[in-house]
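Subject: Structure handover

Hello,

Here is the structure I promised to pass on to you. Please open it alongside this email, and my notes on what turned up follow right below.

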Amino acid sequence: MLALPPLLAAFAGAAVVVGLRLLLLPLLDPRLWYWRALLLGAAMLLAWRYVIWRLTDTVAPLAWTTDAVLSWSFALLEALTVLSSTIAFFILSRVKERSSEADRNKGWWRPAPAPRVDILIATYNEQLEVLERTIIGAKTIMYPNLGIFILDDGRRPWLRELCERHRIGYFIRPDNAHAKAGNINHALAQRAGDADPPDFVAVLDADFVPHTDFVERALALFHDRATGLVQTPQHFFNPDPIQHNLGISSAYPDEQRHFFDNVEPARDAWGIAVCCGTSSMVRVEALAAIGGFPTESVTEDFLLTLRLAENGWNTVYLNEPLTEGLAPEGLREYIVQRGRWCLGMMQIVRNVYNPFGGHRLSLIHRLSVFDSLLYWTTTFPFRLASIIGPLLYWWFGVTIVNASVADIIIYYLPYYIAVMAVLNWLSKGLFIPIVNDVAQLMAAWPITRACALGLLTPGPHSFSVTAKGGDRTKVIVQWPMMWPFIVFFGLTVGGLVMNLSSDFLVNNAARAGDGMAVVMFWTIYNLLVLLVAIAACIERPRPDRPMRQIIEPVTLTVAGEEHRGWLVNLGIGGARISGPSGLPVGAQGSLRLPIIGEIAARVIAPTLDGYRIRLTPSEEQRERIIARLHTAAVLPGTGKGDIGQMIRELARALTR
């Protein structure tokens, strides 16, 4: 029998993993815990096999040398990321869905009167169009004993007038102490003294629109007296900045989909689901027992979960699209938001619930805190280190991964393929190389800085509220965010070109062995990541925001003549229809929509198959359009990844 060449034989392990992925995974149900545990466990065994190899065969001998310090630092950071993944995979090994429980316990309070529920909408600086959507959505909620209250920390007279027009409650307070948590606590104190104090409060951010069944579905899970809080997922009717700037929103889900679709149901199975602020409902009795919303962290939602747990109250998760909100539209706002989440987590660990400290949290909740701590402190610093690693070789001759190509194929490739295959099996294809790395890299430095600030300094720490709305009709190049990626790209290319044309490779190849080939592949991959990151810093216009695809037959009437067609997109001030032909730009008429009625319309531009039209709805029609766009139980955005379509869309965005 002929022996295979060593390099080809090295692919045997990876080939087995690929074969199992193609033949076995399509036959297995990811909802069953034993398949999840088996596959996630196998992936982690391969991961730790890789880590052991890295720490024993690929780092410089222990010594106080530059090579040793840098190679061991990188290897240990990589090992910590695998430890973080191991805990995350352990949590992901089970999953719980509560929709059938909500079905069974609908109206659990009967024959007693329906509990009083308050919708609390915390706001600071949001614009009219953002708040109007949320208010109209809240008014469409189908529940008999409901109160709606705007909590205005911006103290804006126009917002008071808007609340009076919509006949909903309005609260302001003399200061802005403790930000959102303080705002909610003030409203709760005011409502406690009223004749109809709430039994439950639902918290909505100013840009999150509830669906009509939000209260009914969330309230159903409070049939269990131990349930203190019900969290529902956050969905977004607009693409986040990375989706939008790269033009991949129809093929690549928003960055939070994995957490809400996969991590939260898994956490719920272990009893460690977490509150995420908006789109949640909490029992007032439980809040009273812990003294209201905690104020020791800028992420009061996660801290609320822990405080409830310490006092015997459960947080549960209902994985149904019951609200939809506005994702940060600007890249700066997107990164600021994630930096705030990280800072809040570090404040919790330092000041309140150290996972190894003396408090009454259970072991599983301590593990939950430790999992979050590891995620923030390892994932993003490792992404930065991965960009810097090849530069150390090209510019200083430092080899931090000294391995042969064959060994990389034997140890790293099966681990990487297994992890990606299992995660995509669980998550409907949400993990796509390069794009996931770009999403982490964009926020890597601000999050690394927030980790250090939160863990090493006592505070208080200032933070910025995530801005929503505003003019997004122009191209904006985010130079402050782009220039570090340009510098890294230039240093990578410069180091590569300079050394390819010198004696460096000859002199170092013998010393580094195949390590040079490994660094070469690593370098090319980094260049692709940096190129996409640079492209993501160019913010493309967002015209006609927001628009939703609604396919249905409509009639456009112009000069008394009816033109039948199909409604393709609908927004508050405009629509796109296909089918009519021969209408001049500027033609005036009306568009007939079900429920909404006849809306004044004007043709503003032709399309390949129809027209774009400008709508001028009445106030009542405007409210009906908003309700139709945002309050139906329809899943906004895409919930799964399509790598083929994403590559086509990404190539189109990068070349135009």
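Phe259 has a relative accessible area of 26% in this predicted model, so this residue counts as partly exposed. Phe260 has a relative accessible area of 1% and is therefore buried. The rings of Phe259 and Phe260 have their centres 5.1 Å apart, and because their planes stand at 85 degrees, the pair is edge-to-face.

There is plenty more of this kind to look at, as a search of the whole structure finds 23 aromatic pairs. Among them is the pair of Trp108 and Trp109: the ring centres are 5.5 Å apart and the planes make 80 degrees, so this pair is edge-to-face. Trp108 is partly exposed, at 29% relative accessibility, whereas Trp109 is buried, at 13%. You may also like to display Tyr50, Trp53, Tyr411, Tyr412, Tyr415 and Tyr416 together, since ring pairs link these residues into a cluster.

Some rings have a charge for company. Arg94 lies over the face of Trp270, at 4.5 Å from the ring centre. The charged end of Arg338 is placed over the ring of Tyr334, 3.8 Å from its centre.

Arg338 deserves a second look, for this residue also forms a salt bridge with Glu255, where the closest N and O atoms are 2.7 Å apart. That pair links distant parts of the chain: Glu255 is in the loop between helix H10 (241–246) and H11, Arg338 is in helix H14 (residues 331–351), and 83 residues separate them. Arg338 is buried, with a relative accessible area of 5%, while Glu255 is partly exposed, at 31% relative accessibility.

On to the other salt bridges. The structure holds 32 of them. One joins the side chains of Glu619 and Arg165, at 3.4 Å from N to O. Here too distant parts of the chain are linked, with Glu619 in helix H22 (residues 619–630) and Arg165 in helix H7, 454 residues apart. Both ends of this bridge count as partly exposed: Glu619 has a relative accessible area of 42%, and Arg165 has one of 47%.

Another salt bridge brings together the side chains of Arg116 and Asp118, at 3.6 Å from N to O. Are these two residues buried or exposed? Both Arg116 and Asp118 are buried. They also belong to a network of salt bridges that links Arg116, Asp118, Arg191, Asp194 and Asp196.

Now for the sheets. Seven strands form an open sheet with mixed pairing, and their order is S3-S2-S1-S4-S8-S6-S9. Strand S3 (169–171) and strand S9 (314–317) stand at the edges; each has a single partner strand, so one side of each is left without a neighbour in the sheet. From one strand to the next, the twist averages 25 degrees.

At the S3 edge, strand S2 (residues 146–152) is joined to S3 by three bridges, and the two run parallel. A handy spot to find this on screen is Leu151, which stands opposite Phe171 in S3. Helix H7 (residues 157–166) packs on the sheet, where it touches strand S1 (117–123), S2 and S3. The direction of H7 makes about 160 degrees with that of S3. You have met H7 already, as this is the helix that holds Arg165.

Turning to S9, helix H11 (residues 257–269) lies across strand S6 (227–231) and S9. H11 runs at about 140 degrees to S9.

A further open sheet has three strands, again with mixed pairing, in the order S5-S10-S7. Its edge strands are strand S5 (208–210) and strand S7 (235–236), each of which pairs on one side only. S7 and strand S10 (residues 323–325) pair in the parallel sense over two bridges. In this pairing, His235 stands opposite Glu324 in S10.

If you would like a place to begin, try Arg338: the residue has its charged end over the ring of Tyr334 and a salt bridge with Glu255.

Enjoy exploring, and do write back with any questions.

Best wishes

Terms used
Residues numbered from 1 in each chain as written. Predicted model: local features only at pLDDT ≥ 70, side-chain atom pairs only at ≥ 80, totals over all residues. Heavy atoms only, no water. Phe/Tyr/Trp six-rings, centres within 6.5 Å; stacked < 30°, edge-to-face > 60°. Buried < 20%, exposed > 50% of the residue type's maximum accessible area, 1.4 Å probe, protein only. Lys NZ or Arg CZ within 6 Å of the ring centre and 35° of its normal. Pairing = 2+ DSSP bridges. Helix = DSSP H or I, 4+ residues; strand = E, 2+ residues; numbered from the N terminus. Axes fitted to C-alpha atoms, helices over the stretch in contact; angles between N-to-C directions. Contact = heavy atoms within 4.5 Å. Salt bridge = Lys/Arg side-chain N within 4 Å of Asp/Glu carboxyl O.
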